Amino acid sequence: MAKYRNKQKSILGGSGSGAKGLLRWTDWPTLLLCLACSIFGLVMVHSATHRAAELAGRTFSTEVVTMALAIVVGIVAAVVMSFIDYEILLRFWWVIAIICVLLMLLLLTPLGWAPDFRPDATRWIRLTPDSPFTFQPSELLRLGFIISFTWHIHRVRDNINQIKNIALLGAHAMVPFGLVVITGDLGSALVLLFVTIGMLFLAGLKLRWFAAIIAMAAAAAPLIWFQFISTFQRNRILALYFPDSLPPEIVARDMYQQNQAMIAIGSGQLTGRGLFNSATFVPLQEHDMIFSLIGEELGFIGAVLAVALLAAVIIRLVLVSSRTRNLRARLLCSGVAFMIGAQAIINIGVTLRLLPVTGITLPFFSAGGSANLTIFLLIGLVLTVFRFQNEHEDTQAYFDYLYN
C-alpha cells in the first residue's frame, strides 16, 4: 500500500520536475557519451582546419566555431526537450512533419543552394548568396520522420501485417525518401531506408513482407538508376565497383577523395602521425572524411576508439529502449539508434572504399552546424523517453492497483 502511495505522489508531483528531477531523471550516461564523441570530433575538425585558420589570422576556423556553437545549443536543447513528454511530441507529429516538409520544399526555391562541384545536390538553404552559414533541412527531416513514423506504427500496431497498413506505411516513408532523393541527397535516403526497415522489424512486420519489398525494389532498380540517380552519382558507383566501364580520367576524378582517404589511413599505421600532423590532402576531410584524419593522425588505435565510442552510444540507446514496455518509447529510441548506426556505417564504409561516396557525415565527429544540432535533438528524444517512461509505467501500475 505504501508503495503505491509513493507512486501516487510521484504521479501528482511529476518525477521530472525541479532541480532534483533534473539530476535524477536525466540520462547522464547517454549525454556524457555523446559529449565525449563531440569533443573528440571537435578536436579532429580543429586539426583538419587549423592551418587554413592560421593563414586567415584566426585561432579557430569557421567550421570549428560553428560546430562548437551547435554542440552547446544542441546539448541545451536536448536537456530542455527531455522535460517535454514524448507523448506530447507524438500528439503533435503532424505539426513537426509539416515544418520538416516545408523546409525541404524551400530547397526547390531560389533559397536552395548547391556547391559548384555538385550542382545536382541542392541540399542547403542559404538566406543570402554571400552568407557563409547554411542549413541542411534533411537533417531535421530525420527527426520528424522518426516521430511521425512512430505515431503511425503505433496506430496500426495490432494490424501492421495487413496489406492496407503496409501500403500506407510505405507511402508514409516514401514522402521523406522522395524529398531527399530529388534534392540529390542519396546518403540521407539510404539512412531513412535503414531506419524504416529497422522500425518496421521492431514493430513486428513479418519477414515475408520484407522479402516482397526487396523483390519490388529489385524490379524498380532500372527505373531508379536512370530516373532518380544523377549521372554524377552513377559515375561514383561505377567508378568504385565497375571502373572498367568508365574512361580512366573519370575514374581518377571520382575516386580521388576515397583513394586519398585510404592513403591517409594507411599512413597512420598503429599509433598515427600525431595530432595536428596530417600530411595527406583529402578533400572535405573535416566533413565527410573526418574518419580518414582520425586514422592518419591517431592511427588504428584512434580509429578503434572512435568506433568504440559510437558503438557505446548505440548500445546505450538500445538499453534505454529495452527497459520500457511502451512500444512508442521503444520505437523512438530504436529509430535514433538505427539512424546513428546506419549513418556511421555508411560514412566509414565510404572512407574505407567499401561504399560509393554519398556525402553523409559521421555522427558527432564531422563538421557542420545543422548536423551537430540535429543529432542532439535526436538524443533529446531518448532523454525524454528515459525521463518519462518511468512515470508512465508508474502511472499504469498505480491505476492497475486502484481498479484491480
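Student: Where is glutamine 162 placed in the chain?

Tutor: In this predicted model, glutamine 162 sits in the loop between helix H7 (137-155) and helix H8 (163-182).

Student: Why is glutamine 162 called partly exposed?

Tutor: Its relative accessible area is 40%. Buried needs a value under 20% and exposed a value over 50%, so glutamine 162, at 40%, falls in between and is partly exposed. For its place in space, take leucine 205: the two are 43 residues apart in sequence, with C-alpha atoms 9.5 Å apart.

Student: What makes glutamine 257 count as buried?

Tutor: Set its 11% relative accessibility against the cut-off of under 20%, and the conclusion is that glutamine 257 is buried. This residue lies in helix H13 (residues 256-268). Leaving aside residues up to four places away in sequence, glutamine 257 touches Val282, Pro283, Leu284, Met289 and Val357.

Student: What is noted about the phi of leucine 284?

Tutor: Leucine 284 has a positive phi of about 55°, although it is not a glycine. You will find leucine 284 in the loop between H13 and H14.

Student: Why does leucine 284 count as partly exposed?

Tutor: Its relative accessibility is 38%. That value is neither under 20% nor over 50%, so leucine 284 is partly exposed.

Student: And phenylalanine 364, is it buried or exposed?

Tutor: Buried: a relative accessible area of 2% is under the 20% limit. Phenylalanine 364 also has a positive phi, of about 75°, without being a glycine. Its place is the loop between helix H15 (327-351) and helix H16 (369-403).

Student: Let's turn to helix lengths. How do you know that the span of helix H3 agrees with its 28 residues?

Tutor: At 1.5 Å a residue, the 28 residues of H3 (residues 28-55) should span 40 Å, and the end C-alpha atoms are 40 Å apart, so expectation and model agree.

Student: Where is the kink in H3 centred?

Tutor: On threonine 49, with a bend of about 55°. Just after H3, glycine 57 takes a positive phi of about 80°.

Student: How does the span of helix H14 compare with that of a straight helix?

Tutor: H14 (residues 290-322) has 33 residues; a straight helix of that number would span 48 Å, but the end C-alpha atoms of H14 are only 32 Å apart. H14 also has a kink of about 130°, centred on leucine 298.

Student: What makes glycine 302 buried?

Tutor: Glycine 302, which lies in H14, has a relative accessible area of 6%. As 6% is under 20%, the residue counts as buried. Its contacts include Phe40 and Ile294, not counting residues up to four places away in sequence. Glycine 302 and threonine 271 are 31 residues apart along the chain, and their C-alpha atoms are separated by 7.3 Å.

Student: Now helix pairs. Why are H3 and H4 called roughly antiparallel?

Tutor: Their axes cross at roughly 170° and come within 9 Å. Angles over 145 degrees count as roughly antiparallel, and H3 and H4 are therefore described that way.

Student: Which residues of H3 and H4 meet?

Tutor: From H3 there are Leu31, Leu35, Ser38, Gly41, Leu42, Val45, His46 and Thr49; from H4 (residues 62-81) there are Glu63, Val64, Met67, Ala68, Ile71, Ile75 and Val79. By type, this contact has 10 nonpolar, four polar and one charged residue.

Student: What makes H10 oblique to H11?

Tutor: Helix H10 (residues 207-228) and helix H11 (residues 231-241) pack at about 120°, with axes 8 Å apart. An angle of about 120° is not under 35, not over 145 and not within 65 to 115, so the pair is oblique. Trp225, Phe226 and Phe228 in H10 meet Gln233, Arg234, Ile237 and Leu238 in H11. Five of the contact residues are nonpolar, one is polar and one is charged.

Student: To finish with the whole chain, how many helices and strands are there?

Tutor: The protein chain has 16 helices and two strands, and 50% of its 404 residues count as buried. Among contacts with a separation of 6 or more, 71% join residues 24 or more positions apart.

Key. Residues numbered from 1 in each chain as written. Predicted model: local features only at pLDDT ≥ 70, side-chain atom pairs only at ≥ 80, totals over all residues. Heavy atoms only, no water. Helix = DSSP H or I, 4+ residues; strand = E, 2+ residues; numbered from the N terminus. Expected span 1.5 Å × (residues − 1). Bend = angle between axes of the 7 residues up to and from the residue. Axes fitted to C-alpha atoms, helices over the stretch in contact; angles between N-to-C directions. Contact = heavy atoms within 4.5 Å. Nonpolar A, V, L, I, M, F, W, Y, C, P; charged D, E, K, R; others polar. Buried < 20%, exposed > 50% of the residue type's maximum accessible area, 1.4 Å probe, protein only.
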